Amino acid sequence: MSFDDVTFRTTLSRFTTGVVVVTAAGGAGMVVSSFTSVSLAPPLVLFCAGNTSTTWPRIREAGAFCANVLAAGQEDLARRFSGPGDRFAGVPHRPGVLGSPVLAGVHAHLECEITDAHPAGDHTIVVGRVVALDSGDGTAPLVFHHSRFHDGGVLTAVA
């Protein structure tokens, strides 16, 4: 089978994901399009960083990161942390237990120590061990589907 980059990207845009801003001490922060849990024991998560990213080397050097899962209504933060300039200007945040910024009002956050980084095509798979977390206050998530942001709306529990 043969397909081009546009077809590949369009097909992947059909997968709904949460929106995560990864931050690190020293004012580093970026939106990541791939974030997921890896293991419960030990508690591990991963995100993928583009190899051309100028922010990823700063996060790697910090040795730790905070995965800030954005809440509905925080599309402006997603846009800010995916563009140029001072991404933290005017953005309320506090230092987490490892020094990485925890953004105010997020849906959830996980603070992690980097344990591994694996090259994978034009990205690096970054694995972190979770050392602190907060599941938030019940806000709905900001989600990304079909190349657009959507508020998560009302969520129902799975029995």
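A search of the whole structure, a predicted model, finds 5 aromatic pairs (rings of Phe, Tyr and Trp, the last by its six-membered ring, with centres within 6.5 Å; planes under 30 degrees apart are stacked, over 60 edge-to-face, the rest tilted). Phe3 and Phe8 form a stacked pair, because their ring centres are 5.8 Å apart and their planes stand at 25°. Phe3 is exposed, at 56% relative accessible area, and Phe8 is partly exposed, at 45% (buried is under 20%, exposed over 50%, partly exposed in between; 1.4 Å probe, protein chains only). Phe47 and Trp56 pair edge-to-face, with 6.1 Å between centres and 85° between planes. Both of these residues are buried, and with Phe65 they form one aromatic cluster.

Phe47, Trp56 and Phe65 are also among the residues with the most contacts inside the largest nonpolar core, which has 19 residues (a core being buried Ala, Val, Leu, Ile, Met, Phe, Trp, Tyr and Cys residues joined through side-chain atoms within 4.5 Å). Elements that each supply at least two residues of this core include strand E5 (44-50), helix H2 (56-62) and strand E6 (64-69) (DSSP runs numbered from the N terminus, helices H or I of at least four residues, strands E of at least two). Beyond its neighbours within four places in sequence, Phe65 is in contact (heavy atoms within 4.5 Å) with residues including Val22, Phe47, Ile59 and Leu110. Another core, of 12 residues, lies apart from the largest one and includes Leu77, Phe81, Leu142 and Phe149.

Residues are numbered from 1 along each chain as its sequence is written, and side-chain values use heavy atoms, without hydrogens and water. Local features need pLDDT of at least 70 and side-chain atom pairs pLDDT 80 or more, whereas totals for chains, interfaces and linings use all residues.
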